[in-house]
Amino acid sequence: MTAGIDLGHPQAQAIRSDEDVVRVRQLVRGVAVAVKLSLVDQTKVVTAASELARNTLVYGGGGTVEVATVDNGRRRGVRIVFADSGPGIPDLDLAFTDGYTTGGGLGLGLSGARRLVDEFEIETSPETGTRITVTKWSR
Amino acid sequence: MERVPILKIGDILLVSIQLDMSDQTAVALQEDLAERIVATGCHGVIIDITALDIVDSFVGRMLSTIASISKVLDAETVVVGMRPAVAITLVELGLSLNGIRTALNVERGMELIAAARADELDYQLDDDPDAETATP
Ligand SMILES: Nc1ncnc2c1ncn2[C@@H]1O[C@H](COP(=O)(O)OP(=O)(O)OP(=O)(O)O)[C@@H](O)[C@H]1O
Ligand SMILES: [Mg+2]
């Protein structure tokens, strides 16, 4: 479910190097603080963003991220969209299995990021690449 | 690329991570530490992550790798200063810091290394048949 009205303009950031992954973390942190997420929730959403930004770089061949504040009338939150035009993920069930990796990682990024946020959506295909939208709401 | 400084304090190497590290910086730290352990003959490494506001799978893996490398080089690694929010997030992420000793702060970390070192020496003595003494 993606209920929520966007507030203001999303902030965009290219993901082309590991320095950009650092910038994504800082951007997400700033917005998470602005919508008054608790310290633990800030930490969770920044960690999830770090995992997804690195996947965008390593497996998607780079891409973009958009960070926006959202408001559903009761709560505010941060919504982040990661997009790349890489090869897509052929088997999602497999990719979301803890420990599954094709890149010598720990295989925790996708499954862990999904646990750390409130909403997680993924669209992926070899033609369009991978697009992941996550939302974390204030409590 | 920025590099994380490594300080030598007595028989211990102290690494205090003060910046949001890029993956490259994390990998460089791993290599720098291995070289410093060999060059100095230090038997303990303390990694202070008080200033880190997140630990993701990459940094987590780096910490585990440093612990394994230092073990092979006869040094003990202790990670100190993990923030509560970071610990909570790590568990939910599913990251078990395999083989990593942790302590609350640098002082406790030093105690832990000293204790581990003493155990190790005891063990080596016990192993040596000539060192055996009859118990009354
Ligand atoms: N944006 C993407 N495009 C294509 N494939 C992807 C993408 N993101 C993830 N994958 C695939 O899903 C697998 C699992 O990703 P996940 O982030 O869970 O683990 P990892 O990156 O391999 O290791 P870790 O994140 O723990 O260091 C990857 O190994 C890769 O094959
Ligand atoms: Mg990953």
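Let's start with a pocket: the lining of the second largest pocket has eight nonpolar, two polar and five charged residues. Keep in mind that this is a predicted model. The volume of this second largest pocket comes to about 200 Å³. It is lined by 15 residues, and those closest to its centre are A:Arg25, B:Asp20, B:Leu52, B:Asp53 and B:Ile54. Helix 1 of chain A (residues 18-34) gives the most to this lining, namely three residues.

Now for the largest pocket, where the volume is about 700 Å³. Here 35 residues make up the lining, and if you want to find the centre, look for A:Asn55, A:Tyr59, A:Thr101, A:Thr102 and A:Leu110, which are the closest to it. Several elements of chain A put two or more residues into the lining: helix 2 (39-58), strand 3 (76-84), helix 3 (92-95), helix 4 (109-116) and strand 5, and chain B joins in with its helix 2 (57-72). Helix 2 of chain A holds the largest share, with six residues. Sorted by class, the lining of the largest pocket splits into 15 nonpolar, 13 polar and seven charged residues.

Strand 5 of chain A is worth a stop of its own. This strand runs over residues 129-137 and includes A:Thr130. Is A:Thr130 buried or exposed? Its relative accessible area is 9%, and because the cut-off for buried is under 20%, A:Thr130 counts as buried. What does its side chain pair up with? There's a polar contact of 3.0 Å between the side chains of A:Thr130 and A:Thr124. Setting aside neighbours within four places in sequence, A:Thr130 also touches A:Phe82, A:Ala83 and A:Asp84, along with A:Gly88, A:Ile89, A:Ile122 and A:Glu123, and A:Thr124 is on that contact list too.

Over in chain B, have a look at helix 1, residues 23-40. With 18 residues at 1.5 Å a residue, this helix should span 26 Å, and its end C-alpha atoms are indeed 26 Å apart, so the two values agree. Plenty of side chains to inspect here: the buried residues of the helix include B:Ala26, B:Leu29, B:Leu33 and B:Ile37, and among them are also B:Asp23, B:Gln30 and B:Asp32. What do these buried residues pack against? Within chain B, they pack against strand 1 (6-9), strand 2 (12-16), strand 3 (44-48) and helix 2, and from chain A they meet helix 1 and helix 2. Just after this helix 1 of chain B comes B:Gly41, which takes a positive phi of about 70°.

How values were computed. Residues numbered from 1 in each chain as written. Chains lettered and ligands numbered in written order. Predicted model: local features only at pLDDT ≥ 70, side-chain atom pairs only at ≥ 80, totals over all residues. Heavy atoms only, no water. Helix = DSSP H or I, 4+ residues; strand = E, 2+ residues; numbered from the N terminus. Buried < 20%, exposed > 50% of the residue type's maximum accessible area, 1.4 Å probe, protein only. Polar contact = N/O pair within 3.5 Å; in protein donor to acceptor, adjacent residues only side chain to side chain. Contact = heavy atoms within 4.5 Å. 1 Å grid on protein atoms, 1.4 Å probe; cavity = no way out; pocket = protein on both sides within 12 Å on 5 of 7 lines; lining within 4 Å. Points joined across faces, edges and corners; volume = space filled by probe spheres on them. Nonpolar A, V, L, I, M, F, W, Y, C, P; charged D, E, K, R; others polar. Expected span 1.5 Å × (residues − 1).
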